[in-house]
Amino acid sequence: ARRIKIRQALRAMSITAKQILEQKQYLLGKYANRNEVYRKLRSFYDAEYWKNSEVQGIKLIYNLLAAAVDRYTDFMIQPPDWRVLPAGTSSDLIKAADKQEKLLYTQYDLNEISIVQAWMANLQALLGFYALEIRPNPGNSEKLIQLDVPVPEYVLPMPKSDNIWDIESCIILGDQYGGNKTNQYQPDIKAGERIVQANIIKYYDKNELVILQDGKEVQRIEHDFGFLPVVFGQNRVKPHYLEGIGDLEQASGLQQYLNELMSWNADIIEYMANPIQVIKGYTGDKLPTGPGAQWQLGKDMDASFLLWPGSPPDVERMLSTVQRAIEDLTFLGDATFGRNIPSGTSGSAVKSLLSGIQAAFLRKQVTMGTMYKKANEVIFRIIEKYWANKEFTLRGTKRGTTYIETMTGKEIAGNYRTQVIWAPGILDQSSRVDLEITKLNAKLQSRRTAMENVGIISPNDELELIR
């Protein structure tokens, strides 16, 4: 009876469709500047900004900003390793943590986490902000969780304070396509037999999900999670702001100037190849042009080319200077693209050349790792609540070892703490290996831990072979 009274009291306090629409308008105003910056950054990446800038004389586009985003996305495409901290030191608790790790691997694998992470990495570099929507996936005995990366411009969090993690609610806008597939979070929007598009507003808070279609409520779910099932990630942190800082913002002005220089240089080359002809005293037919052409001019006639007074402007040197400035601001130097590394360059020198991108790469891993730790907690809490006494299947591969077993949500038992371990990548492979060997030799960790940290897929098998 007490639970019924509490639920009735909560329902009485539930937000209405009108209030959601009012909150949407308020948040659209709050995030108007953010979304305008995002629009401009997207136009930089797509080169639409310069394609529509004919008044500036831009004819050629050398889009280093797009190259920076693509390179960072490539570097961040490999998902990390997820470790669950045991709730204690007993063998049963260690086995329970191992089963929770298999749960994470199963859910991430079924959600194609490599592609999901590539989406997040692209938005991380381009805009500096991304969100991950985590929902139950009822009716499936293996894929219990559905992960979605919404469009950042359509993600409207309602902060409670200047603590960026203290979010009261979140509205996600979008267009929902109707069809045959339905579940509790995707109501079927029917229009005869046609697939139609409708304006959808999803309102999340810690207790319920409300879905509006064309301004009218179509579904309300009292999930009673007690937490927000949307987590947020940043690139460079921006204190007291939910949105972070992307990799392009500081370099956008230089990119525009670089395109202008490229176009001016092309104009100079075009002019030098086809200079203006100055002909004095000739009034006859058009003179022939091309290789070997001869002009038979009279005694008082003269012909010359109108050339630059001295050498043409040194645009190439300025091009090089601006390009280096962009690389400095995006941390992508020549070495990152495999340029200007003389044959025989030592490993230490290459590490020094790559130090900027390695620092940026580490920062991205730290901020995305923080997001993953929060996402892992949300996944555990949802499964613990909705599948407490229901058995489901864990099946997949964890660090090179295939597993298949069953589990129930109550086995999570309130243990939500995880660690995120990033395997060495292309840029930091040698330095990471050196660090792990140093820790091993100093007896600060075991051989198995060192092998895991450098990306050995199946340490146990390798140790057996070594013996």
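Are Lys-364 and Asp-247 buried or exposed? Both are buried, where buried means under 20% relative accessible area, exposed over 50%, and partly exposed in between (1.4 Å probe, protein chains only). The legends below start with the whole protein and then go to the close-ups.

This is a predicted model, in which local features need pLDDT of at least 70 and side-chain atom pairs count only at pLDDT 80 or more, while totals for chains, interfaces and linings use all residues. Residues are numbered from 1 along each chain as its sequence is written, and side-chain values use heavy atoms, with hydrogens and water left out.

**Figure 1. The whole protein, with its 14 helices and 14 strands.** Helices (H or I, at least four residues) and strands (E, at least two) are DSSP runs, numbered from the N terminus. Of the 467 residues, 43% are buried. Take the contacts (heavy atoms within 4.5 Å) between residues at least 6 apart in sequence: 67% of them join residues at least 24 apart. The protein exposes about 25,500 Å², and carbon and sulfur atoms supply 52% of that. These areas come from the Shrake-Rupley method with a 1.4 Å probe; for residues, only the protein chains shown count as cover.

**Figure 2. The salt bridge between Lys-364 and Asp-247.** A salt bridge here is a side-chain nitrogen of Lys or Arg within 4 Å of a carboxyl oxygen of Asp or Glu. For this pair, the N to O distance is 2.6 Å. The partners come from distant parts of the chain, 117 residues apart: Lys-364 sits in helix α11 (residues 355–386), and Asp-247 in the loop between β9 and α8. A search of the whole structure turns up 20 salt bridges.

**Figure 3. Lys-99 meets Glu-405 in a salt bridge.** Here the N to O distance is 3.9 Å. This pair also links distant parts of the chain, with Lys-99 in helix α6 and Glu-405 in strand β13 (residues 401–408), 306 residues apart. Lys-99 counts as buried at 18% relative accessibility, whereas Glu-405 is partly exposed at 25%.

**Figure 4. A salt bridge inside helix α3 (residues 32–46) joins Glu-36 and Arg-39.** Their closest N and O atoms are 2.7 Å apart. Why are Glu-36 and Arg-39 separated by about one helical turn? Because they are 3 residues apart in the helix. Both ends are partly exposed: Glu-36 has 41% relative accessibility and Arg-39 has 48%.

**Figure 5. Helix α9 (residues 315–330) and its buried side.** The helix has 16 residues and reaches 23 Å from its first C-alpha to its last, close to the 22 Å expected at 1.5 Å a residue; that expected span is 1.5 Å times one less than the number of residues. Its buried residues are Val-315, Leu-319, Val-322, Gln-323, Ile-326, Glu-327 and Thr-330. They cover an arc of only 140° around the axis, so they lie on the same side of α9; the arc is that of the directions from the helix axis to the C-beta atoms. Cover for these residues includes α5 (64–75) and α8. Turn to the face away from the buried side, and you find the exposed residues Arg-317 and Asp-328. After α9 comes Phe-331, with a positive phi near 65°.

**Figure 6. Two loop residues with positive phi, Glu-112 and Asp-224.** Most residues other than glycine have a negative phi. Glu-112, not a glycine, has a positive phi of about 50° and lies in the loop between α6 (91–110) and α7 (113–126). Asp-224 has a phi near 50° and belongs to the loop between β8 (216–221) and β9 (230–234). Glu-112 is exposed at 53% relative accessibility, while Asp-224 is partly exposed at 24%.

**Figure 7. A nonpolar surface patch made by Met-272, Phe-305 and Leu-307.** The patch covers about 300 Å². Patches are made of residues with over 30% relative accessible area and no salt bridge; like charges are joined within 9 Å, and nonpolar side chains (Val, Leu, Ile, Met, Phe, Trp, Tyr) within 5 Å. Met-272 belongs to helix α8 (residues 252–273) and is partly exposed, at 38% relative accessible area.

**Figure 8. Gln-23 in helix α2 (residues 17–30).** Gln-23 is buried, with a relative accessible area of 12%. Leaving aside residues up to four places away in sequence, Gln-23 touches Ile-15, Met-158, Ser-169, Ile-171 and Tyr-203.
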